[in-house]
Amino acid sequence: MDTRRTVTVDLPEALLLALGAAARAAGCSPSDYLRAVLRGALDRTPARLRPEAEVILHAVNLSADWVELQRRLRAAGFVLRRAPEGGLAVHSWPVERAILPLRALGLGEADLTLRYGAGFPADIPHPTAVSAIPRPAGTIPRRRRNVRVA
């Protein structure tokens with residue numbers, strides 16, 4: 001599980017202003033941007049994942065919610081979908097083909113649910129369209145007459 005701690009970092013004003021500008025350009029908060037930059041700089045193990053994993057992790061780290069994550073992933077040619085076995089999987093976009101399970105990137109669905117404060121949107125029941133009120137058996141619908149308004 002991803003636990004967070006608040007830390008204090010002493011930055012020169014010019015660097016702080018540059019951080020704010022870069023975060024605005026990326027469409028996220030300075031904290032989210034700094035986390036993404038640090039994670040990318042520090043996660044350089046020899047067994048590094050494929051280049052698409054870098055893009056996916058970057059999108060996850062910069063996104064504030066599921067909608068933003070899907071938008072960022074689609075812009076990079078990916079999308080998250082529910083896998084048949086129940087977890088989340090990264091698919092190609094717009095031609096959807098499974099690429100890898102999200103857990104292969106070291107991300108759990110529970111971590112993202114906590115981070116974004118909501119479950120995966122595809123799992124949330126959406127309200128259905130209002131259906132017509134059923135008529136009692138044996139009744140015939142009334143026809144409307146054309147009425148002219150002068």
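A polar contact is a pair of N or O atoms within 3.5 Å; within protein, one atom must be able to donate a hydrogen and the other to accept it. One such pair sits at the start of helix α4, where a side-chain oxygen of Asp65 comes to within 3.2 Å of the backbone nitrogen of Val67. The model is predicted. The protein chain holds 5 helices and 3 strands. This briefing covers the overall fold, helix α4, the nonpolar core, two residues in detail and the largest pocket.

**Overall fold**

- From the N terminus on, the order of elements is α-α-α-α-β-β-β-α.
- The protein chain has 150 residues, and 26% of them are buried.
- Among contacts with a separation of 6 or more, 37% join residues 24 or more positions apart.

**Helix α4**

- Helix α4 spans residues 66–75.
- Its buried residues are Trp66, Glu68, Leu69, Gln70, Arg72 and Leu73.
- That list includes Glu68, Gln70 and Arg72 as well as Trp66, Leu69 and Leu73.
- An α-helix has 3.6 residues a turn, so residues three or four places apart point the same way.
- The buried residues of α4 pack against three helices, α1, α3 (51–62) and α5 (109–116). They also pack against the strands β1 (78–82) and β2 (88–92).
- After α4 comes Gly77, with a positive phi near 95°.

**Nonpolar core**

- The largest nonpolar core has 19 residues.
- Trp66, Leu69, Leu73, Leu80, Val90, Leu102 and Leu105 touch the most other members.
- Two or more residues each come from α3, α4, β1, β2 and α5.
- The largest share is that of α3, with 5 residues.
- In soluble globular proteins, nonpolar side chains tend to be buried together.
- Beyond four places in sequence, Trp66 touches Leu80, Leu88, Leu112, Thr113, Tyr116, Ala118, Gly119, Phe120 and Pro121.
- Leu80 thus appears both among the core members that touch the most others and among the contacts of Trp66.

**Two residues in detail: Gln70 and Thr113**

- Gln70 lies in helix α4.
- Gln70 counts as buried because its relative accessible area is 11%, and the cut-off for buried is under 20%.
- Setting aside neighbours within four places in sequence, Gln70 is in contact with Val79, Leu80, Arg81 and Phe120.
- Leu80 and Phe120 are also touched by Trp66.
- Thr113 belongs to helix α5.
- Thr113 counts as partly exposed because its relative accessibility is 26%, and that class runs between 20% and 50%.
- Beyond four places in sequence, Thr113 is in contact with Trp66, Ala118 and Gly119.
- Ala118 and Gly119 are on the contact list of Trp66 too.
- Thr113 is 48 residues from Asp65 in sequence. Their C-alpha atoms are 9.1 Å apart in space.

**Largest pocket**

- The largest pocket has a volume of about 560 Å³.
- It is lined by 17 residues, and Val7, Ser31, Leu34, Arg35 and Leu38 are the closest to its centre.
- Two elements, α1 (13–26) and α2 (30–42), give two or more residues to the lining.
- The biggest contribution is that of α2, with 6 residues.
- By type, the lining has 8 nonpolar, 4 polar and 5 charged residues.

Notes: Residues are numbered from 1 along each chain as its sequence is written. This is a predicted model: local features need pLDDT of at least 70, side-chain atom pairs count only at pLDDT 80 or more; totals for chains, interfaces and linings use all residues. Side-chain values use heavy atoms; hydrogens and water are left out. On a 1 Å grid over the protein atoms alone, a cavity is a set of points where a 1.4 Å probe fits but cannot get out, and a pocket is an open set with protein on both sides within 12 Å along at least five of seven lines; lining residues have an atom within 4 Å of a point. Grid points are joined across faces, edges and corners, and a volume is the space filled by probe spheres set on the points. Helices (H or I, at least four residues) and strands (E, at least two) are DSSP runs, numbered from the N terminus. Ala, Val, Leu, Ile, Met, Phe, Trp, Tyr, Cys and Pro count as nonpolar, Asp, Glu, Lys and Arg as charged, and the others, Gly among them, as polar. Buried means under 20% relative accessible area, exposed over 50%, partly exposed in between (1.4 Å probe, protein chains only). Contact means heavy atoms within 4.5 Å. A nonpolar core is a set of buried Ala, Val, Leu, Ile, Met, Phe, Trp, Tyr and Cys residues joined through side-chain atoms within 4.5 Å.
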